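Let's take a walk through a protein model together. Keep the viewer open and follow along as we go.

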Amino acid sequence: MSRIGKLPIDVPKGVTVTVDAGVAVVKGGKGQLSLPLRSEVSVAVDGSVVQVDSHGEERFANAMRGTTRALLANMIEGVTKGYEKKLEIAGVGYEANLEGKTLVLKLGFNKPVRFAVPDTVVVTTPTLTTVVISGIDKQQVGAVAASIRKLRKPEPYKGKGIKYSDEVIKRKAGKAFASGG
């Protein structure tokens, strides 16, 4: 049984949650998000509290209840506070610049890598070695950050590449050369 799904969601002031024709819409100060609801769950809005219920006691229905509740809570947090991911670039000559809606990354390849930034997120480069991705949709922010990181993953020997700011890279020792003989 889903314990997360049982918890009610408190809706802060300035945020409205509406459910119509199988779609939950959350509107707030930063924007609007929508979530298509599965047939296994129903969402009830009562004033400033949102409750998610499942139809039946099947394992899948309970799983969808918890998932839907978590997604709605993330949407409410997104339209009030927003989400942010920071990436750090390490390596000699590695840097990032923003040209309009295109992120230009110099990552040690023969040409700079151009990454088209989607309209759903905002990308900024406060320094040459820092990229900040922010937006209201948690999934979109994480997906864009993962796509940028995938362009040059951090390697374990020198630590060169793109990593999350809170990520720890396990370092490995290089080759050990035997002294002549």
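The paragraphs below go from the core to the pocket, then to the ring contacts and a few single residues.

Please keep in mind that this is a predicted model. A good place to begin is the inside. The largest nonpolar core has 20 residues. If you would like to find its best-connected members, look for I89, L103, L105, V131, I133 and I148, which have the most contacts inside this core. Several elements give two or more residues to the core: strand 7 (83–90), strand 9 (102–106), strand 10 (113–116), strand 12 (130–135) and helix 2. Which of these elements gives the most to the core? It is helix 2, with four residues.

Helix 2 spans residues 138–150, and it brings us to the next stop, since it also supplies at least two residues of the lining of the largest pocket. Strand 4 (32–36) and helix 1 (59–80) each supply at least two residues of that lining as well. As for volume, the largest pocket comes to about 170 Å³. To outline the pocket in your viewer, select L33, S34 and L35, then L71, N74 and M75, and finally I136, D137, K138 and Q139. How do the lining residues divide by character, into how many nonpolar, polar and charged? The lining of the largest pocket has five nonpolar residues, three polar ones and two charged ones. As a general aid to picturing such a place, empty space shows up when a probe the size of a water molecule is rolled over the atoms.

Next come the aromatic rings. The structure holds zero aromatic pairs, but charged side chains do sit over rings. One of them is K85, whose charged end is placed over the ring of Y164 at 5.4 Å from its centre. Another is R152, which lies over the face of F109, 4.4 Å from the ring centre.

R152 also serves as a landmark for A96, a residue of strand 8 (residues 95–99). In sequence A96 and R152 are 56 residues apart, while their C-alpha atoms are 12 Å apart in space. Is A96 buried or exposed? A96 counts as buried because its relative accessible area is 1%, and the cut-off for buried is under 20%.

A21 offers a contrast in setting. This residue lies in the loop between strand 2 (16–20) and strand 3 (23–27). Its backbone deserves a look: phi of A21 is near 55°, a positive value in a residue other than glycine. With a relative accessible area of 74%, A21 is exposed.

Other residues fall between buried and exposed. T124, in strand 11 (residues 122–127), is partly exposed because its relative accessible area is 36%. Going 16 residues along the chain separates T124 from G108, and their C-alpha atoms are 21 Å apart. S165 is found in the segment after strand 13 (161–164), and it too is partly exposed, with a relative accessible area of 36%. From S165 to L72 the separation is 93 residues in sequence and 27 Å in space, C-alpha to C-alpha.

Our last stop is P8, in the segment before strand 1 (9–10). P8 has 41% relative accessibility, so it counts as partly exposed. P8 and G29 are 21 residues apart in sequence, with 22 Å between their C-alpha atoms.

Technical notes:
Residues are numbered from 1 along each chain as its sequence is written. This is a predicted model: local features need pLDDT of at least 70, side-chain atom pairs count only at pLDDT 80 or more; totals for chains, interfaces and linings use all residues. Side-chain values use heavy atoms; hydrogens and water are left out. Rings of Phe, Tyr and Trp (its six-membered ring) pair if their centres lie within 6.5 Å; planes under 30 degrees apart count as stacked, over 60 as edge-to-face and the rest as tilted. A charge sits over a ring if NZ of Lys or CZ of Arg is within 6 Å of the ring centre and within 35 degrees of the ring normal. On a 1 Å grid over the protein atoms alone, a cavity is a set of points where a 1.4 Å probe fits but cannot get out, and a pocket is an open set with protein on both sides within 12 Å along at least five of seven lines; lining residues have an atom within 4 Å of a point. Grid points are joined across faces, edges and corners, and a volume is the space filled by probe spheres set on the points. Ala, Val, Leu, Ile, Met, Phe, Trp, Tyr, Cys and Pro count as nonpolar, Asp, Glu, Lys and Arg as charged, and the others, Gly among them, as polar. A nonpolar core is a set of buried Ala, Val, Leu, Ile, Met, Phe, Trp, Tyr and Cys residues joined through side-chain atoms within 4.5 Å. Buried means under 20% relative accessible area, exposed over 50%, partly exposed in between (1.4 Å probe, protein chains only).
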